[in-house]
Amino acid sequence: MRTLARTAMAGMAVMALAAGLAPVDARAADPGESAYSASTSVGVHNAYEKNKFPYLADGLDSGAGMLEIDVWTNVFGRSWRVSHSNPVGNDNNCVNAANAGELRTKPRNQNLGGCLADIRAWHDANPGHRPVLLKLELKDGFQGKYGRGPAALDALLTARLGDALFRPADLAGARPDLDTAARLDGWPARSAMAGKFIVELIPGTVEKDNPLDTLWTDREYAQHLRNLAAAGRLREASAFPAVTGAQAGDPRSRYTDAGIRPWFVVFDGNASAYAGGSIDTKWYAERHYLVVMTDAHSVAPAIDGVRPAEAEARERVALLAGRHASVVSSDWYPLPAVLGAVVPRGA
């Protein structure tokens, strides 16, 4: 896998068309041998919502390189719930499918386990599919005291997705931490990651507004990774914590516990801030870090957040790819030709 990663640029020409974007078949592996971190794909914000896709399988079929899911863990409900604003119930397009034939036939509004079951059923029916980033926003953070902590999430992801996961240990290899591995070895080629899901974790809006929550998702999971690695059990980890909020310099400096900083290689923030010129986004690309740029439509001049002209959306993806985005995120679910695009990062 590392050999493929070091041939990052070999297939770039295959991925680029004259328009700057090459649509990728949702059911096929991506072309070329570019490293995962050397490419830019397109994601859908809150892809679990029924007004975006009737079923989560439709989001997976769309060709999107990232799908976002909101998760609630609070003490007033059971399990891991998936909804935008209901902390005690499920409101989503997941059906808990046991196989591909059930992906659009069963009742919706399932918990996170049901969404992951749909993802697995789709995966089994689409071997060699493009690598997909699953962005989980833990709306109110972990609740380890009530059985919904980092280890429990690992167990759920492993039970549902298993060998379909690209894990932190897959990136780390023999390196001591994720930062060292990313900088020295880089991410594998997209072809080597065909059929894989990468799980990103970010703190939720409710968690950030809770004055009683002093341990947000990002720090809690980074500590979890460090502890697992120290115990020789990193293989149990299933997700990558993200540093949220675009800022100049190394955003990991905000963590007073310097020991968790090397466990962050994913960054997530507002596209307008990254594109504004005050942040050296090349710094991320040179170190093979992933950068998810959200609200891509809001970058000046703003375009429609749902149904822009396809040419406008393509131009915006090209602009942010030039700013070293790994994922360009918006609500462009009606534009599958844009969602399936994969272009060279930094071009």
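# Working through a predicted fold

Cys115 has a relative accessible area of 0%, so this residue is buried. Keep in mind that you're looking at a predicted model. Grab the structure and try these.

## Exercise 1: The sulfur link

Find the partner of Cys115 in a disulfide, and work out which parts of the chain the pair links.

*Solution.*
- Step 1. Apply the cut-off: two cysteine sulfur atoms within 2.5 Å count as a disulfide. The sulfur atoms of Cys94 and Cys115 are 2.0 Å apart, so by the 2.5 Å cut-off they're joined.
- Step 2. Place both ends. Cys94 is in the loop between strand 3 (81-82) and helix 4, while Cys115 is in helix 4. They're 21 residues apart, and the pair links distant parts of the chain.
- Step 3. Check the twist. The angle about the S-S bond is 95°, and the link of Cys94 and Cys115 is right-handed.
- Step 4. Look at the other end's surroundings. Cys94 has a relative accessibility of 0%, so Cys94 counts as buried too.
- Step 5. Count up. The structure has 1 disulfide.

## Exercise 2: Into the core

Say how many residues the largest nonpolar core has, and which helix gives the most to it.

*Solution.*
- Step 1. The largest nonpolar core has 98 residues. Trp187 and Trp332 are the ones with the most contacts inside it.
- Step 2. Helix 4 (residues 112-125) gives the most to this core, with 6 residues.

## Exercise 3: The company Ile198 keeps

Decide whether Ile198 is buried or exposed, then list what it touches.

*Solution.*
- Step 1. Locate the residue: Ile198 belongs to strand 5 (residues 197-203).
- Step 2. Its relative accessibility is 0%, so Ile198 counts as buried.
- Step 3. Leave out residues up to four places away in sequence, and Ile198 touches Tyr36, Pro131, Val132, Leu133, Leu134, Phe166, Trp187, Met193 and Phe240. Trp187 in that list is one of the residues with the most contacts inside the largest nonpolar core.
- Step 4. For a sense of distance, try Arg104: C-alpha to C-alpha, Ile198 and Arg104 are 24 Å apart in space, with their positions 94 residues apart in sequence.

## Exercise 4: Two ways for rings to pair

Compare how the rings sit in the pairs Tyr255 with Phe264 and Tyr274 with Tyr284.

*Solution.*
- Step 1. Start with the total: there are 13 aromatic pairs.
- Step 2. For Tyr255 and Phe264, the ring centres are 4.7 Å apart and the planes differ by 5°. Planes under 30 degrees apart count as stacked, and this pair is stacked.
- Step 3. Tyr255 is at 3% relative accessibility, so it counts as buried. Phe264 is buried as well, at 0%.
- Step 4. For Tyr274 and Tyr284, the centres lie 6.2 Å apart and the planes meet at 90°, so this pair is edge-to-face.
- Step 5. Tyr274 sits in helix 10 (residues 271-275) and Tyr284 in helix 11 (residues 282-286), so the pair ties together parts that are 10 residues apart in sequence.
- Step 6. Tyr274 is buried at 2% relative accessible area, and Tyr284 is buried at 1%.
- Step 7. Widen the view: Phe267, Tyr274, Trp283, Tyr284 and Tyr289 form one aromatic cluster.

One more ring to look up: Arg108 lies over the face of Tyr55, 5.5 Å from the ring centre.

## Exercise 5: Following the charges

Find what Lys139 pairs with, then find the network that includes Asp250.

*Solution.*
- Step 1. The whole structure has 21 salt bridges.
- Step 2. Asp70 and Lys139 make one of them, with their closest N and O atoms 3.9 Å apart. Asp70 is in strand 2 (residues 66-72) and Lys139 in the loop between strand 4 (132-138) and helix 5 (150-161), so this bridge ties together parts 69 residues apart in sequence.
- Step 3. Lys139 also meets the side chain of Glu137 in a salt bridge, at 3.5 Å from N to O.
- Step 4. Check burial: Asp70 and Lys139 are both buried, and Glu137 is buried as well.
- Step 5. Now move to Asp250, which forms a salt bridge with Arg252 at 3.0 Å between the closest N and O atoms.
- Step 6. Arg252 has 6% relative accessibility, so it counts as buried. Asp250 is at 28%, so it counts as partly exposed.
- Step 7. Finish the network: Asp179, Arg183, Asp250 and Arg252 are linked by salt bridges.

Technical notes
Residues numbered from 1 in each chain as written. Predicted model: local features only at pLDDT ≥ 70, side-chain atom pairs only at ≥ 80, totals over all residues. Heavy atoms only, no water. Core = buried A, V, L, I, M, F, W, Y, C linked by side-chain atoms within 4.5 Å. Buried < 20%, exposed > 50% of the residue type's maximum accessible area, 1.4 Å probe, protein only. Helix = DSSP H or I, 4+ residues; strand = E, 2+ residues; numbered from the N terminus. Phe/Tyr/Trp six-rings, centres within 6.5 Å; stacked < 30°, edge-to-face > 60°. Lys NZ or Arg CZ within 6 Å of the ring centre and 35° of its normal. Salt bridge = Lys/Arg side-chain N within 4 Å of Asp/Glu carboxyl O. Contact = heavy atoms within 4.5 Å.
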